[in-house]
Amino acid sequence: TATWRIVSGPAATGGTLSAVAGATTQLTVAKPSAANSATGGVWIVGVTLSDGVAVSAETQTSVLAYPSFASDVYPILLTSCATTGCHTVPAMAGSLDLSTAPAAWTNLVGQGSIGSTTYPLRVNPNDHANSWMWVRVNAGSMPKNGTKLPQWQIDIIRDWIEPEGKGAAGTMSTGAENN
């Protein structure tokens with residue numbers, strides 16, 4: 001019998017296991033929100049095995065959880081950026097259409113920025129500090145309506161671009177992927 005437990009995580013109350021006993025389990029991490037923004041990052045899950053007589057030493061593994069573009073980042077963009085006169089058709093600021101999730105992702109990730117030579121990419125996967133979008137959102141110069149995003153939403157964008165610095169550049173398990 002396998003027995004599973006969450007050893008640690010960014011917010012241990014924000015994660016659950018689908019089963020504490022059995023051959024497999026699934027870690028589910030709470031969706032980021034104003035009340036629960038620290039769910040992204042590295043979680044440690046442990047498992048022990050028992051044959052009814054002896055119990056093995058616990059084996060631990062790391063699980064990287066980070067925000068999803070479609071369900072976590074895009075809703076922020078839709079309500080704060082894809083608004084009349086900004087990043088929506090027909091009046092796209094900087095020729096950046098954020099009005100649909102596929103267009104938003106395609107127009108952000110790995111695309112050249114307009115208006116910055118210091119930050120050449122709008123979203124530089126695995127490098128939030130060198131992503132023009134994050135720099136502007138973090139500084140409060142975006143969105144342009146004058147209302148800075150709450151810190152928990154800025155953190156979601158950061159963790160999507162660079163999941164707590166744990167991603168390996170060039171792999172499909174890194175941040176800013178279309179997940």
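The paragraphs below lead through a predicted model of one protein chain, from its overall layout to its helices, its salt bridges and one loop residue.

The protein chain contains four helices and five strands, and the order of these elements from the N terminus is β-β-β-β-β-α-α-α-α. Of the 179 residues in the protein chain, 39% are buried. Among the contacts in the protein chain with a separation of 6 or more, 45% are accounted for by residues 24 or more positions apart.

Confidence should be considered before the details are read. The average pLDDT of the protein chain is 80, and 82% of the residues score at least 70. Over residues 165-179, however, the pLDDT is below 50, although in the model this stretch has 37 contacts beyond near neighbours in sequence. Where pLDDT is low, the predicted coordinates should not be read in detail.

The helical part can be entered through the pair formed by helix 1 and helix 2. Two packed helices are described by the angle between their axes and by the distance between the axes. Helix 1, which spans residues 69-80, packs against helix 2, which spans residues 101-108, at an angle of about 85° and with the axes 10 Å apart. Because angles from 65 to 115 degrees count as roughly perpendicular, helix 1 is described as roughly perpendicular to helix 2. On the side of helix 1, the residues that meet helix 2 are Phe 69, Tyr 74 and Leu 77, and their counterparts in helix 2 are Ala 101, Ala 104, Trp 105 and Leu 108. When the residues of this contact between helix 1 and helix 2 are sorted by class, seven are nonpolar, none is polar and none is charged.

The other two helices can be described by their burial. In helix 3, six of the eight residues are buried, so this helix is largely enclosed by the rest of the structure. The buried residues of helix 3 are Trp 132, Met 133, Trp 134, Val 135, Arg 136 and Val 137, and what covers them includes helix 1, helix 2 and helix 4. Helix 3 is followed by Gly 140, which has a positive phi, near 90°. Helix 4, residues 151-161, is likewise largely enclosed by the rest of the structure, since eight of its 11 residues are buried. Those buried residues are Gln 153, Ile 154, Asp 155, Ile 156, Ile 157, Asp 159, Trp 160 and Ile 161, and their cover includes helix 1, helix 2 and helix 3.

Helix 4 also leads to the salt bridges, of which a search of the whole structure finds three. Side chains of opposite charge can pair when their charged atoms come close. Arg 158 forms one salt bridge with Asp 155, with the closest N and O atoms 3.3 Å apart, and another with Asp 159, where the closest N and O atoms are 2.9 Å apart. Asp 155, Arg 158 and Asp 159 are thus linked in a network of salt bridges. Arg 158 and Asp 155 both lie in helix 4, three residues apart, which is about one turn of the helix. Within this network, Arg 158 is partly exposed, with a relative accessible area of 22%, whereas Asp 155 counts as buried at 16% relative accessibility and Asp 159 counts as buried at 5%.

A further salt bridge joins the side chains of Arg 5 and Glu 58, with an N to O distance of 2.7 Å. Arg 5 belongs to strand 1 (residues 2-8) and Glu 58 to the loop between strand 4 (41-49) and strand 5 (59-65), so this pair ties together parts that are 53 residues apart in sequence. Arg 5 counts as partly exposed at 42% relative accessibility, and Glu 58 is also partly exposed, with a relative accessible area of 30%.

The last stop is Asn 130, a residue of the loop between helix 2 and helix 3. Asn 130 is partly exposed, and its relative accessible area is 34%. When residues up to four places away in sequence are not counted, Asn 130 touches Tyr 119, Leu 121 and Asn 124. Between the C-alpha atoms of Asn 130 and Thr 118, which are 12 residues apart along the chain, the separation is 8.2 Å.

Key: Residues numbered from 1 in each chain as written. Heavy atoms only, no water. Axes fitted to C-alpha atoms, helices over the stretch in contact; angles between N-to-C directions. Parallel < 35°, antiparallel > 145°, perpendicular 65-115°, else oblique. Contact = heavy atoms within 4.5 Å. Nonpolar A, V, L, I, M, F, W, Y, C, P; charged D, E, K, R; others polar. pLDDT = per-residue confidence, 0-100. Buried < 20%, exposed > 50% of the residue type's maximum accessible area, 1.4 Å probe, protein only. Salt bridge = Lys/Arg side-chain N within 4 Å of Asp/Glu carboxyl O.
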